[in-house]
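Work through the exercises below with the model open. Each task is followed by a stepwise solution.

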Protein chains: 4
Amino acid sequence: MTTTPLGIAMIGHAFMGAAHSQAWRVAPRFFDLPVHPVMSVLAGRDADRTRAAAERLGWADSTTDWKSVLDRDDVHVVDICTPGDTHAEIAVAALEAGKHVLCEKPMANSVDEAVAMAEAASRAAERGVRAMVGFSYRRVPALGLARDLVAQGRLGRIHHVRAQYLQDWIVDPAAPLSWRLDKDKAGSGALGDIGAHIVDATQFILGDTISEVMGTLVTFVPERPLATSHSGLSGTASDETGPVTVDDAALFLARFGSGALGSFEATRFANGRKNALRIEVNGSAGSLAFDFEDMNVLEFFDGTEDPAVSGFRRILVTEPQHPYVGAWWPAGHGLGYEHAFTHQAVDLVRAIAEGTDPTPTFADGLQVQRVLAAVEGSASSGTWQQV
Amino acid sequence: MTTTPLGIAMIGHAFMGAAHSQAWRVAPRFFDLPVHPVMSVLAGRDADRTRAAAERLGWADSTTDWKSVLDRDDVHVVDICTPGDTHAEIAVAALEAGKHVLCEKPMANSVDEAVAMAEAASRAAERGVRAMVGFSYRRVPALGLARDLVAQGRLGRIHHVRAQYLQDWIVDPAAPLSWRLDKDKAGSGALGDIGAHIVDATQFILGDTISEVMGTLVTFVPERPLATSHSGLSGTASDETGPVTVDDAALFLARFGSGALGSFEATRFANGRKNALRIEVNGSAGSLAFDFEDMNVLEFFDGTEDPAVSGFRRILVTEPQHPYVGAWWPAGHGLGYEHAFTHQAVDLVRAIAEGTDPTPTFADGLQVQRVLAAVEGSASSGTWQQV
Amino acid sequence: MTTTPLGIAMIGHAFMGAAHSQAWRVAPRFFDLPVHPVMSVLAGRDADRTRAAAERLGWADSTTDWKSVLDRDDVHVVDICTPGDTHAEIAVAALEAGKHVLCEKPMANSVDEAVAMAEAASRAAERGVRAMVGFSYRRVPALGLARDLVAQGRLGRIHHVRAQYLQDWIVDPAAPLSWRLDKDKAGSGALGDIGAHIVDATQFILGDTISEVMGTLVTFVPERPLATSHSGLSGTASDETGPVTVDDAALFLARFGSGALGSFEATRFANGRKNALRIEVNGSAGSLAFDFEDMNVLEFFDGTEDPAVSGFRRILVTEPQHPYVGAWWPAGHGLGYEHAFTHQAVDLVRAIAEGTDPTPTFADGLQVQRVLAAVEGSASSGTWQQV
Amino acid sequence: MTTTPLGIAMIGHAFMGAAHSQAWRVAPRFFDLPVHPVMSVLAGRDADRTRAAAERLGWADSTTDWKSVLDRDDVHVVDICTPGDTHAEIAVAALEAGKHVLCEKPMANSVDEAVAMAEAASRAAERGVRAMVGFSYRRVPALGLARDLVAQGRLGRIHHVRAQYLQDWIVDPAAPLSWRLDKDKAGSGALGDIGAHIVDATQFILGDTISEVMGTLVTFVPERPLATSHSGLSGTASDETGPVTVDDAALFLARFGSGALGSFEATRFANGRKNALRIEVNGSAGSLAFDFEDMNVLEFFDGTEDPAVSGFRRILVTEPQHPYVGAWWPAGHGLGYEHAFTHQAVDLVRAIAEGTDPTPTFADGLQVQRVLAAVEGSASSGTWQQV
């Protein structure tokens, strides 16, 4: 086990901060890593809360000045877990300071910001500084297997992609306004928060990009009680109300470069669906289906088999052959939500040590941002929009 | 058991003819009917094949002149099971001759034809002559239950409809041209053949209509081997090829009158999906999910329950309380595909006897036709289209 | 289509009578049969009710004297759908009268009766008279496919069989006594009624027989309200109660001739399970799983495949290659409960016409009866019992 | 966050050692604990391998002398992760030395050993020293919810328990002998290794104990290649073979104290089932079903509901109300295999701090051992055996 340290500074300590902390904590215990991640410092806005979070999450130090971490020699990676409106500033500054960057998705709140970030990443790469976007679902073993099967040609020519990200956490009109419903903070609603994930995941699986979209955005509940405190997903409702300035749901059709047709839907109003990131792919030789609510399973139909015994196979993606799985438990002992973050940390650490660019790159993140912008454009114009 | 006969003439004896024959044969054996359907005469194009079909299917007589059945006193109902290009002529003539009409879907190959049919039905209704479109899936008990739950308010305000009709029978590019791939015969491809079903089924479940659509049509395999014989779904391939003049897949977004958002997809290229008519509905109070490949089940999420014990319930729709089920077997003894046709026959016979208009009416069929035409229009224009 | 008639007399017209009538009615409409079944006469106990049933079910004649049908020249087959206590007398008399016999399961209420029936069948066979037991689940296409896969060696050496038949129709202690809870009429409870089905089905799938059992029987509710009328599964409860003289549930372990281990459970107290006939088979090369509540599906695990893509396949048993399916609908258009009875009628008619013995034979039925008796013996003695 | 340390010594560092290390590492990061677990020292047999494991797993120190940890003041808890033949010696010594003990299951290899351990635990409890058996599946949230529902009376009187633990890791006859197939090391095979889990889990869910059993044990492959190295579950096969001295599969029927009937099966030969711990419970008011291969789900049937809308609900056990879940992620973000070990550590730490006895106690472990012994006795005698 190596003792070469790789110092991490994390900015933000809410939901994503907890997930990323678990990743840094656990990665070196299950995976052979060329360098050893060290949880050096946590940056937040409030000193007391940040100090408490650092202690609970296991960070050696804490600060309320995120810029200060860029000057520290014991920090090699800046891990950005803040809301989207701050990503561009922090990421660009960190890259220019020579720090590797892991940036939560959506990469930015606008294409302009994303362009700036991608350019900064490009300049930094010349100096051996790495940048990666946190599309963590790529690191779910079942989706890694999905990509492998497509890349091996097991699906043949791809005809259809059906992608949905269904949640229901604000279906109650009395659920309070959180920063996630505020366009200034969050950039968009379901579109950027969860739609971005299915855009990335389907492009990742297909090894293809979306070229054209036609969509619509809707806000079912335009006014909500103000939250008395802005804390993550929840908060207590007050008597006053305020406007919801983002979309509750986003639906769009898409054409991929290869000619495949896609149907996309991201919503926070699918009652009873808690985190149903669902993807189906149909090709000339076979099909795939995935639902994150059963995350250790990939369904695969092999269309080349004898029809008498063909059917969608429920592959339990817990075999040592499957992506990332060999480091964990025996077959049948499933993984959970946060394991994808651990895999993400592992891939980033290895890329840094090997001097290669980790994926998804900031250019990949920018491309996703362009898709989201095209959906917004299409929703305004009522026509198809090029990406 | 009544002995008042209700004479049926059926036109066409392929796939749908077999299903309708089973319906007429079986309906009076399980359901109490006010009049007794009699399988009087079968009309087809080829005398020998029609006679053989009549014998096999149990029709008392056969003819190659469909118009002759309109003159027969022992014929009270004309059941139209031919390809769509003949529906309008036959239906209008039958209605004018005072015969009740059951017409397979899609009702017609164009809006103009459908208008003529709806007008003929309207005139006929004044004389007590009934007309019904064969959207048989409405008569699957699980979809009847779905409609009931929505009507009872168990789903609250409807936000989302997700409807797919997925088949794969021409995913092989070597599958031959059949009349279903010929625009002149079939009117359209996946859109009219199976897309029509999910348009009708979702409107039926919601008690609402689609007001606006935006969609696209695609033909993945534009040229196919000519079939040496045109027989139903299959046929033998020859060396020559011909153009596919209909869509292989149709995708569209939809807005319902109530504000609900719909996502629709009909395709014959979903490898491994054999007859996956799938519908999900999400409302403010609950959700529903259905897949015809598990046709005796309706999933229902009751969003008003204690979250600790709430979840999608797999309702086995085989209880005596469920629509149509009481006439059949004890709980847990599921029904099959053709039972919906029997239920359709039962509902038509009862409406005729009671002197009421059976649903879906020809006006309903026309409205579905307008939705399909709007999808085609939208696919051409690249913009949203009013229905 | 043949016009050589094969006259059928059916004895009994409750639940099973309705299912068998549908079989005789429908079989010649979908299958090419060498002779044409004719629904000649229905025998019952009450003249009015039998006449009404005959009319409703489509039998040409009716009688209250079942023995009279044995003298009729237009009767070639006697189809026994009465409670088990009458099977032996009717079947033996019919066979001796030279009539082919289809006898509902369980074949008899005791081994002695079953021996007499098997001997009568053996004597009759010498004269070309056929006898068959109505283990209809053998004719569910998915179970036919299961047997084929085992016979082809796709499962290798069989290690485990897990068979359950779970219902819940008397879980309510207020459900009234019916003839099915009366040992004199029914012979046994869950054991003979539904346990017999899983004994036959597993032996059929494996092509093997049970050699030894160890089990227990239990009656959870020993006293129930008397039914005011004995009609099939239901009836109205009265204030008086009477004893339940059969088992509510039967559990047993079994050893097959080949060394496979079996675990069997038949119960009417599995709340929420309506007709869950479930069978799993595990072999050295693969596994199978079936649940009648999803009757058009067989799950198959091929253990010889690459573990990276292996998993239980959900085979939709609706392909033309599958047993019986080619006669019905296109792929994906599932069958229902009663189709198995149609297949049973088809197989019997063909065996009669071809002069071969239909299976399951009365010898097979006797063997099942011996297994049931061994379970009862074991439940009394508390030890393993040879079959 | 507390800083009062609770020093842990872990004995053994194979599969279970990795799982327990993750528990100690992660527990204080997600749960508020009254004392702070410290990973003080790891004991193993080989110095180099133990030192490497300690470094990788994050233990501060290592030793090859497990007895030495009993003398250390910085050790408060001894966590026993070795094969079963060593449990009794280590546990008794640790308890006598005043160390709290967490002992992996099965608690011991014989009832005699288990009695000694339970007695030692009883004596230790008087001095405030705690002992707990590692039946980790109790800490899967879905099984905690199952127990809660039974305790709340939502299932009514329990009639049936159906418990299976199905694996397939030695279905290949060429899989080498490991210590788990050696009676001297492992005590028994499937019975003790995985059968113990379903005995504990069902008794836990029911709040009841098994009073009587009747079963059989079988060894399908009695001779296997010797492993060239004994490492965990795998190892390389050599040319020599040796005898398998434990059961490959164990099946038994059981009667619970309350009168419920159980059917149990533990096997390593269920091809395609990787870690299918499956439990169904049927009661007069409802039913439950669980499968560890879909571990974040509990199916619940509420038999008191309107039959028109009742069905097994797929409860996604990821709500903040569910046992342990509130400490982790938002709804729909599932947990994995090792989370149960974290919950186990949390419960133990809290019990120690609060001065209460953690469950399952060593008395509970002894009772499970008695059930296993009764199964072995029954398998020998061929009769029912009292526990």
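The exercises go from the pair of chains to one sheet and then to the domains.

This is a predicted model: local features need pLDDT of at least 70, side-chain atom pairs count only at pLDDT 80 or more, and totals for chains, interfaces and linings use all residues. Residues are numbered from 1 along each chain as its sequence is written, and chains are lettered from A and ligands numbered from 1 in the order in which they are written.

**Exercise 1.** Find the operation that lays chain A on chain B.

Solution.
- Superpose by least squares on the C-alpha atoms of residues with pLDDT of at least 70 in both copies.
- A turn of 180° with a shift of 0.0 Å along the axis gives an RMSD of 0.0 Å.
- The two copies are therefore related as by a two-fold rotation axis.
- In chain A, the C-alpha nearest the axis belongs to A:Thr383, 2.5 Å away from it.
- Of the interface residues of chain A, 100% are also interface residues in chain B, so the copies meet through the same surface.

**Exercise 2.** Determine the strand order of the open sheet of 6 strands in chain A.

Solution.
- Take helices (H or I, at least four residues) and strands (E, at least two) as DSSP runs, numbered from the N terminus.
- Count two strands as paired if DSSP finds at least two bridges between them.
- The order is E3-E2-E1-E4-E5-E6 in chain A, with parallel pairing.
- E3 (61–63) and E6 (131–134) of chain A each have a single partner strand, so one side of each lacks a neighbour in the sheet.
- Neighbouring strands are turned by 25° against each other on average, direction ignored.
- Between E1 (5–11) and E2 (36–43) of chain A there are 7 bridges.
- A:Gly7 stands opposite A:Val38 in E2(A).

**Exercise 3.** Place helices H1 and H2 of chain A against the strands.

Solution.
- Fit axes as lines to C-alpha atoms, for helices over the stretch in contact; angles run from 0 to 180 degrees between N-to-C directions.
- Call two residues in contact if their C-beta atoms, placed from the backbone, lie within 7 Å.
- H1 (15–30) of chain A touches E1, E2, E4 (77–80) and E5 (100–104) of chain A, at about 155° to E2(A).
- H2 (47–57) of chain A lies across E2 and E3 of chain A, at about 160° to E2(A).

**Exercise 4.** How many residues of domain 1 of chain A are in contact with domain 2 of chain A?

Solution.
- Bounds come from an automatic or database domain assignment: domain 1 is 5–137 and domain 2 is 141–294 + 296–335 in chain A.
- The C-alpha centres of these two domains of chain A are 25 Å apart.
- 13 residues of domain 1 of chain A are in contact with 16 of domain 2 of chain A.
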